[in-house]
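Q: I am new to this structure. Can you walk me through it, feature by feature?

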Amino acid sequence: MQLLYIFGFLIALPLFPIVYFQGKNIRKNVPRLPPAKKPKGFVNNSYKNTLQVLCIGESTIAGVGVDTHKNGFSGAFAKRLSTLLQHNIKWVVYAKSGYTASKIAQKTMVNLPTISVDVIVIGLGGNDAFTLNSPKKWAKDIDNIIQILRHKYPKTPIYFTNMPPIKEFPAFTKTIKFVIGNLVEILGKQLYKVVTKHPKVYYNKEVITLQKWTHKHGLKNKDTSIYFSDGIHPSKQTYTIWGQEMADFVAKNYLNNL
């Protein structure tokens with residue numbers, strides 16, 4: 001995987017100046033959206049038992065693009081998971097826009113609650129691709145996160161979400177989609193290698209494509225811009241679909257381990 005990264009790096013090297021200036025232009029023109037408010041929630045379906053869910057990650061888990069987390073990934077995920085597992089769900093979000101896996105390990109882990117946690121969901125990858133993190137360093141950072149969580153929550157299953165579909169971002173140029181999009185796919189393959197070495201750690205490796213989502217969910221609007229709030233971050237509709245699909249993935253693996 002590291003050789004593939006190096007090969008890709010060499011191919012993309014002449015494009016880096018273009019990517020740099022195009023990236024500056026995108027940052028200037030794309031509005032800076034705040035993270036979602038209310039990072040705690042409770043789905044009460046009057047079931048007998050309640051599960052505690054912990055969501056960790058970068059800007060998408062932080063709910064950038066929607067007003068509250070109830071309308072973001074965590075809210076949609078918890079609502080769906082409650083129905084699938086027939087448990088009430090208490091959920092809390094620890095996420096920061098701009099954070100890489102390394103920053104999550106260094107800064108977020110120390111703030112995690114000292115409570116009993118039943119499910120941990122982690123969404124990362126976009127910022128590590130944007131900062132051109134290598135697969136080797138990425139693997140080390142991910143392994144570090146897993147080790148910290150294992151020490152803090154020894155028996156809790158850990159689930160990594162799909163990698164962000166950077167090649168689908170309408171705000172990005174073809175050059176950025178090629179360079180960063182290919183890297184995020186390499187990081188996704190590396191992530192799969194890492195999680196398979198750990199018990200009760202899972203990665204939803206399905207590559208998200210908006211055309212597939214539109215067909216799968218019978219959406220009438222074929223304009224893929226509906227999936228984005230600012231051309232980069234998800235819209236409420238995207239958070240809903242993504243959260244529900246991740247809940248399906250978690251429920252399947254969670255029930256298999258009971």
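A: Start with a strand pair. This is a predicted model. In it, β2 and β3 run parallel to each other and share eight bridges.

Q: Which residue of β3 stands opposite glutamine 52?
A: Lysine 90 is the partner of glutamine 52.

Q: In what sense do β1 and β3 pair, and over how many bridges?
A: That pairing is antiparallel, with four bridges. Here lysine 40 faces valine 92 of β3.

Q: In what order do the strands lie in the sheet?
A: Read the order across the sheet. It is β1-β3-β2-β4-β5-β6, six strands in an open sheet with mixed pairing. The edges are β1 (40-43) and β6 (201-203), each of which pairs on one side only. From one strand to the next, the twist averages 20 degrees.

Q: What does α6 touch on the sheet?
A: Helix α6 packs on the sheet through contacts with β2, β4 (119-123), β5 (158-160) and β6. The direction of α6 makes about 155 degrees with that of β5.

Q: Which side chains of β1 point to the buried face?
A: Follow the alternation along the strand. Gly41 and Val43 point to one face and are buried. Lys40 and Phe42 point to the other face and are not buried.

Q: Which residues of helix α4 are buried?
A: Helix α4 spans residues 101-108, and its buried residues are Ala101, Ser102, Ile104, Ala105 and Thr108.

Q: What covers the buried residues of α4?
A: Look for the neighbouring elements in the cover. They include two strands, β2 (50-57) and β3 (88-95), along with the helices α5 (126-130) and α6 (135-152).

Q: Which residues touch the most other members of the largest nonpolar core?
A: They are Leu149 and Phe160, in a core of 74 residues. Take phenylalanine 160 and leave out residues up to four places away in sequence. Its contacts then are Ile122, Ile142, Ile146, Leu191, Val195, Val201, Tyr202, Tyr203, Asn204 and Met246.

Q: Where does valine 66 lie?
A: Valine 66 sits in the loop between β2 and α3 (73-85).

Q: Why does valine 66 count as buried?
A: Compare its value with the cut-off. Buried means under 20% relative accessible area. Valine 66 has 11%, so it is buried.

Q: Which residues touch valine 66, not counting residues up to four places away in sequence?
A: Valine 66 touches Ala36, Asn71, Gly72, Ser235, Lys236 and Tyr239.

Q: How many residues separate valine 66 and glutamine 237 in sequence?
A: They are 171 residues apart in sequence, and their C-alpha atoms are 9.9 Å apart in space.

How values were computed: Residues numbered from 1 in each chain as written. Predicted model: local features only at pLDDT ≥ 70, side-chain atom pairs only at ≥ 80, totals over all residues. Heavy atoms only, no water. Core = buried A, V, L, I, M, F, W, Y, C linked by side-chain atoms within 4.5 Å. Buried < 20%, exposed > 50% of the residue type's maximum accessible area, 1.4 Å probe, protein only. Contact = heavy atoms within 4.5 Å. Pairing = 2+ DSSP bridges. Axes fitted to C-alpha atoms, helices over the stretch in contact; angles between N-to-C directions.
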